[in-house]
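New to this one? Take a look at the structure first, and then we'll walk through it piece by piece.

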Amino acid sequence: MSDPGSGAERSIGQLVASATAEMSALVHDEIALAKAELRQDVKRGATGAIAFVIAGVFLLFSLPVFSFAAAYGIHNLGLGLAWSFLIVGGAYVVLAALLSVLAIAKFKKVKPPEKTIASAKQTAAVLQNVKPHPRPEADRRRQLPAAVERELSQR
């Protein structure tokens, strides 16, 4: 029997099995690459979403503070407790703005899985060149390696 390690000595069945296994491995690798890229982008998107949620919470916290500050400010019209409320409310707005900028920066980093797309296009280009078609028996025998011809003649 022929050695499965050498390409010239392998049977057609072994070649087909090898090609099928390699195509299966290629598809599995493409899927794994897509999953890895998408997982990374999901993490970035989640970080941006969390930053937006926290910014919204700070903005909600600032509303009662500004409300109390306005009420005390109108009442007192001087430097007192109301200014304290305004300073705290302003701090919440500044924090919300900073977190919004961070969230926008994280969302801008989310992009399509470019490596997977490029790899899939490359695979598709290679597979387009493979055009199996039936050949007459005489033409096929001229192009086959000697080991394959021997196997066919033994049948």
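## The one salt bridge

Let's begin with charges. The structure holds a single salt bridge. Arg 44 makes it with Asp 41, and the closest N and O atoms of the two are 3.4 Å apart. Keep in mind that this is a predicted model, and every value here is computed from it.

Both partners sit in helix H1, three residues apart, so about one helical turn separates Arg 44 and Asp 41. How exposed or buried is each of them? Arg 44 has a relative accessible area of 22%, so it counts as partly exposed, since buried means under 20%. Asp 41, at 9% relative accessibility, falls on the buried side of that cut-off.

## A loop residue that meets the bridge

Now look at Lys 109, which you'll find in the loop between H2 and H3. Which residues does Lys 109 touch, once its neighbours within four places in sequence are left aside? The answer is Asp 41 and Arg 44, and those are the two partners of the salt bridge.

Lys 109 itself is partly exposed, with a relative accessible area of 47%. Along the chain, Lys 109 and Gly 45 are 64 residues apart, while their C-alpha atoms are 8.5 Å apart in space.

Something similar can be said of Ala 46, a residue of helix H1. Its C-alpha is 8.9 Å from that of Lys 106, with the two positions 60 residues apart along the chain. Ala 46 counts as partly exposed, at 36% relative accessibility.

## Two rings, one pair

How many aromatic pairs turn up when the whole structure is searched? Just one. It is made by Phe 52 and Phe 107, whose ring centres are 5.7 Å apart and whose planes meet at 25 degrees, so the pair is stacked. The cut-off behind that word is simple: planes under 30 degrees apart count as stacked.

What makes the pair handy for finding your way around is where its members sit. Phe 52 belongs to helix H1 (residues 12–76) and Phe 107 to helix H2 (residues 81–108), so the pair ties together parts that are 55 residues apart in sequence. As for the surface, Phe 52 is partly exposed at 36% relative accessibility, and Phe 107 is partly exposed too, at 35%.

## Helix H3 and its two sides

Move on to helix H3, which covers residues 114–128. Its 15 residues reach 21 Å from the first C-alpha to the last, close to the 21 Å expected at 1.5 Å a residue.

Which residues of H3 are buried? They are Thr 116, Ser 119 and Thr 123. These three cover an arc of only 70 degrees around the axis, which puts them on the same side of H3. Turn to the face pointing away from that buried side, and you meet the exposed residues Lys 121, Gln 122 and Gln 128.

## Stepping back to the whole chain

Finally, the big picture. The protein chain has five helices and zero strands, so to read its elements from the N terminus on, you simply go α-α-α-α-α. Of its 155 residues, 17% count as buried.

The chain exposes about 11500 Å², and carbon and sulfur atoms supply 68% of that area. Where do the contacts come from? Among those with a separation of 6 or more, 70% are between residues 24 or more positions apart. The stacked pair of Phe 52 and Phe 107, whose members lie 55 residues apart in sequence, is a good place to start looking along the chain.

Notes
Residues numbered from 1 in each chain as written. Predicted model: local features only at pLDDT ≥ 70, side-chain atom pairs only at ≥ 80, totals over all residues. Heavy atoms only, no water. Phe/Tyr/Trp six-rings, centres within 6.5 Å; stacked < 30°, edge-to-face > 60°. Helix = DSSP H or I, 4+ residues; strand = E, 2+ residues; numbered from the N terminus. Buried < 20%, exposed > 50% of the residue type's maximum accessible area, 1.4 Å probe, protein only. Salt bridge = Lys/Arg side-chain N within 4 Å of Asp/Glu carboxyl O. Contact = heavy atoms within 4.5 Å. Areas by Shrake-Rupley, 256 points an atom, 1.4 Å probe, with all protein chains shown as cover. Expected span 1.5 Å × (residues − 1). Arc of directions from axis to C-beta.
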